[in-house]
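Thanks for making time this morning. I would like to walk you through one model, beginning with its metal sites and then turning to its core and its surface.

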Amino acid sequence: MNVMDWWYGVVGLSIPTMIVYVLVMTHVTIVAVTVYLHRFSAHRALTLHPAAQHFFRFWLWLTTGMITKEWTAVHRKHHALTETEDDPHSPRIHGLGAIVFKGAEYYRQGTTPETLNRYGKGTPDDWMERRLYTPHTSVGVSLMLVINLALFGALGLTVWAVQMIWIPFFAAGVVNGVGHFWGYRNFECPDSATNFSPWGILIGGEELHNNHHTYPNSAKLSVKPWEFDLGWAWIRVLTAFGLAKPLSTGPIVARVEGKTAIDMETTWAVLNDRFQVMARYGEEVVAPLVEQEYRRADRATRRLLKRSKDVLCRHEGLVDEGQQRRIAAVVGASPVLRILYEKRLELSAVWSLKSRGEDLLDAFRDWCHEAEATGIQALDDFVQDLRSYTVQPARPA
Ligand SMILES: [Zn+2]
Ligand SMILES: [Zn+2]
């Protein structure tokens, strides 16, 4: 091998080829993380053909050195203890910078034997795992380095460095950091998870983190028509080839036009879809009345009411002291907003009842009747719409 061979590699691929190669390789790794580790292993949101499972395990060993059991356990713990002291990677507790730039370190710290035992159930424990993947994590990534050097020569080292940084930065850092910090929220789930981009392309749909914390067992992370989840697109492709089967895609509720009775099935359906229902309460009831009150108010009150819908609808557990004072001032200034705010808290309390039977039905029915009795048109319309919910698929008339 002469000096030029050493510089350009044995195969000697060009720089444009190299860029495409980096994008393809890191993309497959992202798919392995979001589809295999996250949606399949940690959440059981889909089934995967054994061949697909083996491919993804091999790929993760080769390109990341991550161990399925460790990743799964740390992630399940994150969902179980989100934003508490025991959350393995909370930017609310440890600071955003720490999670974004040292996300992988928090992962390593999180993998205690106790965590693995408690949260790592149902992960691979076959010969390959025990003999190769788990004990020899550095062999895979070293092999990757050799392949890159052969393909690109000395530049292969740069390619390899990008591959090695990709997942710790984007998955461990950006999703776990930014996904609990910045962005928009479709749903008031009880932690501060955010969607930080409606197009989940770069990290395969993981950008839709608020949707994910709301429906953690859904194989599909996009909810709104304008959101795009690339991981879900890949699941569709795998499904078409008989390699995957989604088990859950979030709550499925049916609507029966003209149905007015509030029965057990209405209650279950609304309960199932409660995050969506609460979000609609904000959009269809609170927002128009904030708007109406704003138009009628004097200047000082207007300043208070401006954009107050978000604070009035924020999950009770996430309201800080400043927001609490703001809510008190808003409901003090507007009797109608006070009613809407109280009604929202009461509806939220209905869903936290332990009962899934008659008590739940009674509580929901009472709430509906009281809401109708307020005489607020938007609230009444909202209740009429909830009456049409059912768990049964609507039969064509
Ligand atoms: Zn999270
Ligand atoms: Zn998750």
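Let me start with the zinc ion (ligand 2), whose donor residues are spaced H-x4-H-x31-H-x3-H-x132-H in sequence, where donors are N, O and S atoms within 2.8 Å of the metal (3.2 Å for Na, K and Ca), and where water is not among the atoms, so sites may look incomplete. Within that spacing, His79 in helix 4 (residues 68-80) and His212 in helix 11 (residues 209-214) link distant parts of the chain, 133 residues apart; helices (H or I, at least four residues) and strands (E, at least two) are DSSP runs, numbered from the N terminus. The protein donors are the NE2 atoms of His38, His43, His75, His79 and His212, and they lie 1.9 to 2.2 Å from the zinc ion (ligand 2). His212 counts as buried because its relative accessibility is 3%, with buried meaning under 20% relative accessible area, exposed over 50%, and partly exposed in between (1.4 Å probe, protein chains only).

I should say here that this is a predicted model, in which local features need pLDDT of at least 70 and side-chain atom pairs count only at pLDDT 80 or more, while totals for chains, interfaces and linings use all residues. Residues are numbered from 1 along each chain as its sequence is written, chains are lettered from A and ligands numbered from 1 in the order in which they are written, and side-chain values use heavy atoms, with hydrogens and water left out.

Turning to the zinc ion (ligand 1), its protein donors are the NE2 atoms of His78, His180, His209 and His213, at 2.0 to 2.1 Å. His78 lies in helix 4 and His180 in the loop between helix 10 (156-178) and strand 2 (199-200), so this pair ties together parts that are 102 residues apart in sequence. His78 is buried, because its relative accessible area is 0%, and His180 counts as buried at 0% relative accessibility.

Now to the core: the largest nonpolar core has 44 residues, of which Tyr21, Tyr36, Leu46, Leu48 and Phe56 touch the most other members; such a core is a set of buried Ala, Val, Leu, Ile, Met, Phe, Trp, Tyr and Cys residues joined through side-chain atoms within 4.5 Å. Helix 2 gives the largest share of this core, 13 residues.

Finally, Ile19 is found in helix 2 (residues 15-42), and Ile19 counts as partly exposed because its relative accessibility is 48%.
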